[in-house]
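Dear colleague,

Please find below the structure for your files. I should be grateful if you would read the notes beneath it alongside the coordinates.

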Amino acid sequence: MPDILVLYYSRGGSVAALARQIARGIESVEGMQARLRTVPPVAAITQAAAPPVPPEGAPYVERQDLADCAGLLLGSPTRFGNMAAPMKHFLDGTGAEWASGTLVGKPAAVFTSTASMHGGQESTLLSMHLPLLHHGCLIVGLPFTEAALSSTTAGGTPYGASHVAGPGDDPALAEVEASLARALGRRVAWLARKLSA
Ligand SMILES: Cc1cc2nc3c(=O)[nH]c(=O)nc-3n(C[C@H](O)[C@H](O)[C@H](O)COP(=O)(O)O)c2cc1C
């Protein structure tokens with residue numbers, strides 16, 4: 001059974017915390033395994049090459065990860081109501097995968113973190129769906145049968161998992177955010193398993 005790719009960018013640790021919960025959700029589905037990967041930062045002018053291996057956390061994504069995965073989840077901090085440049089930069093380099101249909105028919109979902117409650121989570125999540133639709137992915141969200149979705153006063157949306165880090169940028173997830181992140185990972189893994197059965 002191929003892996004589910006959890007590809008994210010995180011500077012302060014909030015999106016990384018969501019990624020770990022999503023991985024737990026994926027691995028709660030029998031036979032399914034999470035593959036955590038990140039993207040390097042970008043600079044307006046090249047100041048220094050990124051280290052070949054990140055000093056800590058998930059390894060950098062490779063094109064083969066896109067080919068190998070049975071489904072994927074993309075995570076990015078919200079930056080001005082949109083995904084962060086390093087994730088967009090990575091996606092802009094996936095023309096070859098788009099041309100060859102590498103991701104066509106694979107289930108995919110998204111996740112984000114913001115400083116403020118109304119700081120653009122939904123616009124970020126919806127805009128992250130767009131490149132996935134161009135790639136032919138099957139977009140997966142969270143259904144309201146997840147009771148926590150109706151009761152959350154923190155993150156967690158039907159469009160994807162999320163965290164409200166607050167003005168202090170605290171990466172510690174509320175339990176409801178963690179459980180909805182696990183539910184999203186579980187749902188992508190469950191669907192990927194069904195599709196490849
Ligand atoms: C350039 C920049 C733009 C940001 N834009 C927003 C925004 O539009 N709305 C918001 O609520 N937070 C915004 N933030 C805050 C981040 O989304 C928030 O700190 C997030 O939790 C960071 O995730 P990370 O810890 O995984 O890096 C912005 C941060 C930066 C650096």
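The notes below concern one strand and its neighbours, and then the surroundings of the ligand. Please bear in mind that this is a predicted model.

Strand β1 spans residues 4-8, and 5 of its 5 residues are buried. In a regular strand, side chains point alternately to the two faces of the sheet. Both faces of β1 are covered here: I4, V6 and Y8 are buried on one side, L5 and L7 on the other.

β1 has parallel partners in β2 (residues 34-38), over 5 bridges, and in β3 (residues 71-79), also over 5 bridges. V6 may serve as a reference point, since it stands opposite L36 in β2 and has L73 as its bridge partner in β3. Together with helix α1 (residues 14-27), β1 and β2 form a β-α-β unit of right-handed sense.

Turning to the ligand, 18 residues surround it, of which S10, T78, S113, G119 and D169 come nearest. By type, this shell comprises 5 nonpolar, 10 polar and 3 charged residues. At least two shell residues come from each of α1, β3 and β5 (107-114), and β3 gives the largest share, with 3 residues.

Several polar backbone atoms lie close to the ligand. That of F80 is 2.8 Å from a ligand nitrogen atom, while that of G81 is 3.1 Å from a ligand oxygen atom. A backbone N or O atom of A115 is 3.2 Å from an oxygen atom of the ligand. Of the 640 Å² of accessible area that the ligand has on its own, the protein covers 77%.

With kind regards

Notes
Residues are numbered from 1 along each chain as its sequence is written. This is a predicted model: local features need pLDDT of at least 70, side-chain atom pairs count only at pLDDT 80 or more; totals for chains, interfaces and linings use all residues. Side-chain values use heavy atoms; hydrogens and water are left out. Buried means under 20% relative accessible area, exposed over 50%, partly exposed in between (1.4 Å probe, protein chains only). Helices (H or I, at least four residues) and strands (E, at least two) are DSSP runs, numbered from the N terminus. Two strands pair if DSSP finds at least two bridges between them. A crossover is right-handed if, with the strands pointing away from the viewer, the path from the first strand over the helix to the second runs clockwise. A residue is near a molecule or strand if one of its heavy atoms lies within 4 Å of it. A polar contact is a pair of N or O atoms within 3.5 Å; within protein, one must be able to donate a hydrogen and the other to accept it, and residues adjacent in sequence count only if both atoms are side-chain atoms. Accessible areas come from the Shrake-Rupley method with a 1.4 Å probe; for residues, only the protein chains shown count as cover. Ala, Val, Leu, Ile, Met, Phe, Trp, Tyr, Cys and Pro count as nonpolar, Asp, Glu, Lys and Arg as charged, and the others, Gly among them, as polar.
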